[in-house]
Amino acid sequence: MQVLSKPYLNTMTNQKLVIPDAKSGIPMAFPVAMPDSALFPLSGNRLPLKKLLKKLSPNANGARINALLDSMRASSPTRQPSDAEDHASWNVMRLTRTCVQLHHPSALTMFEEIEAAATGKQIVVFLDYDGTLSPIIEDPDRAFITSEMREAVRDVAKLFPSAIVSGRCRAKVYDFVQLTELYYAGSHGMDIKGPSKGHKSQKRGNQTVLCQPARAFLPIIDEVYKALIEQVKHIPGAIVENNRFCLSVHYRCVEEKKWVELADQVKLVIKDYSQLRVTHGRKVFEIRPTIKWDKGNAVEFLLESLGFDESSDVFPIYVGDDRTDEDAFRVLRERGQGLGILVSNGPKETNASYTLQEPIEVMHFLRRLVEWKKVSLFRH
């Protein structure tokens with residue numbers, strides 16, 4: 001064990017109905033299909049890890065064990081699509097219980113569409129870190145950003161208010177990125193701080209933004225962190241990461257035959273802490289306070305801090321790859337402002353409007369955003 005300091009596309013028809021989204025006005029194509037509900041669980045119906053594990057008694061049968069394993073596999077598909085056609089055909093989301101599914105085109109291919117929707121509005125950029133700005137790798141401590149990506153993010157921040165919203169400890173994300181122009185929201189948005197000089201588009205002066213809604217949970221989180229280290233130390237490849245206001249137990253380096261055992265050990269530690277909850281990420285168990293605060297709340301807080309909470313001309317763009325980013329995608333869809341971009345090279349259920357396959361495409365998208373803005377400024 002290492003200690004750190006710190007869903008599938010079913011076969012469907014190709015018939016599509018193109019209609020404008022009621023809120024954003026962006027054209028969307030709806031292929032109609034009836035996918036297997038077991039493969040496409042609705043987000044609101046997913047069982048938290050603790051409830052899944054509660055069904056697994058010491059004499060649990062093989063079907064129940066397989067259900068947990070399937071849930072863990074589905075949390076972070078790692079297989080690459082076999083060819084370009086695979087990726088072009090996926091990108092669908094269940095919209096209603098009638099199984100209508102929504103097509104999600106590439107944000108690069110449809111950039112002119114995004115450009116048209118954002119014209120005349122104040123863009124605010126939100127970026128996840130792992131899997132979005134840096135690739136997912138076995139050692140979380142070595143998920144370094146490239147100099148080219150850093151430059152792209154810096155250029156974006158010069159033109160738009162920009163923030164990184166990550167499950168990581170805020171200080172660690174800053175160490176990776178090292179850009180003072182950004183707002184940083186660590187621990188899934190439970191630790192937020194902004195640049196002391198503010199941004200030229202900020203409407204509330206130059207004060208530093210600071211929000212830590214889970215501060216009261218710090219002693220409990222530290223206690224559980226120590227207990228988790230002890231409880232999973234015998235499982236090779238298990239990594240416990242302290243993100244200050246939340247904890248992560250990574251199993252990307254754990255043999256699959258040990259996954260159920262690891263999940264059970266996490267349950268043993270957490271079962272006595274009603275103040276904490278456990279969810280899935282990309283091959284990671286996330287232990288967080290039970291308060292109603294997530295990346296979506298962080299986006300809303302930052303928009304308010306920037307003075308855009310009641311603005312009709314703001315256009316937030318959120319780019320992320322993980323289940324936890326769905327909270328932010330959902331907030332933007334409910335606000336009817338801006339859009340979400342899912343980073344994924346395989347099928348996932350999502351509230352995002354567009355997709356990008358991997359971090360390098362994120363970098364190309366950011367560069368196009370900068371180029372478009374500079375041309376717009378030149379014309380005016």
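**Exercise 1. Is Asp294 buried or exposed, going by its relative accessible area?**

Before you start: this is a predicted model, where local features need pLDDT of at least 70 and side-chain atom pairs count only at pLDDT 80 or more, while totals for chains, interfaces and linings use all residues. Residues are numbered from 1 along each chain as its sequence is written, and side-chain values use heavy atoms, with hydrogens and water left out.

Step 1: find the residue. Asp294 sits in the loop between strand 14 (284-289) and helix 9 (295-305). Helices (H or I, at least four residues) and strands (E, at least two) are DSSP runs, numbered from the N terminus.

Step 2: apply the cut-offs. Buried means under 20% relative accessible area, exposed over 50%, and partly exposed in between (1.4 Å probe, protein chains only). Asp294 has 7%, so it is buried.

Step 3: look at its company. Leaving out residues up to four places away in sequence, Asp294 touches His188, Arg288 and Asp327; a contact means heavy atoms within 4.5 Å. Gly189 is 105 residues away along the chain, yet its C-alpha is 5.8 Å from that of Asp294.

**Exercise 2. Work out how helix 9 and helix 10 (residues 326-335) meet, and what else helix 10 packs against.**

Step 1: geometry. The two helices pack at about 55°, with axes 6 Å apart. Axes are lines fitted to C-alpha atoms, for helices over the stretch in contact, and angles run from 0 to 180 degrees between N-to-C directions.

Step 2: name the angle. Under 35 degrees is roughly parallel, over 145 roughly antiparallel, 65 to 115 roughly perpendicular, and the rest oblique. That makes helix 9 oblique to helix 10.

Step 3: the residues. Helix 9 brings Lys295, Gly296, Val299, Glu300 and Leu303, and helix 10 brings Asp327, Ala328, Val331, Leu332 and Arg335. Sorted by class, that's five nonpolar, one polar and four charged residues. Here Ala, Val, Leu, Ile, Met, Phe, Trp, Tyr, Cys and Pro count as nonpolar, Asp, Glu, Lys and Arg as charged, and the others, Gly among them, as polar.

Step 4: the rest of helix 10. Its buried residues are Glu326, Asp327, Ala328, Phe329, Val331 and Leu332. They pack against helix 9, strand 15 (314-320) and strand 16 (339-343). Right after helix 10 comes Gly336, with a positive phi near 70°.

**Exercise 3. Describe how helix 11 (residues 359-379) crosses helix 4 (residues 111-118) and helix 5 (residues 147-159).**

Step 1: helix 4. It packs on helix 11 at about 45°, with axes 12 Å apart, and the pair is therefore oblique. The crossing is right-handed. A crossing is left-handed if the near helix is turned anticlockwise from the far one by less than a right angle, and right-handed if clockwise.

Step 2: who touches whom. Phe111, Ile114, Glu115 and Ala118 of helix 4 meet Phe365, Arg368, Leu369 and Trp372 of helix 11. That gives six nonpolar, no polar and two charged residues.

Step 3: the spacing. An α-helix has 3.6 residues a turn, so residues three or four places apart point the same way.

Step 4: helix 5. Its axis comes within 9 Å of that of helix 11, and they cross at roughly 35°, this time left-handed. From helix 5, the contact includes Ala152, Val153 and Val156, and from helix 11, Val362, Leu366 and Val370 are among the partners. The full tally is eleven nonpolar, no polar and five charged residues.

**Exercise 4. Follow the chain through strand 8 (183-186) and find the positive phi values on either side.**

Step 1: before the strand. Gln178 lies in the loop between helix 6 (170-177) and strand 8, and its phi is near 55°, positive though it isn't glycine.

Step 2: in the strand. Gly186 belongs to strand 8 and is buried at 0%. It touches Ser166, Arg168, Arg170 and Asp191, not counting residues up to four places away in sequence. From Arg170, 16 residues off in sequence, the C-alpha distance is 4.0 Å.

Step 3: after the strand. Ser187 is in the loop between strand 8 and strand 9 (191-193). Its phi is near 50°, again positive in a non-glycine, and at 0% relative accessibility it counts as buried.

**Exercise 5. Which stretches have pLDDT under 50?**

Step 1: the overall figure. pLDDT is the predictor's confidence in each residue, from 0 to 100. The protein's mean is 79, and 69% of its residues reach 70 or more.

Step 2: the stretches. Residues 5-47 stay under 50, with 104 contacts beyond four places in sequence in the model. Residues 201-206 are also below 50, with 20 contacts beyond near neighbours in sequence.
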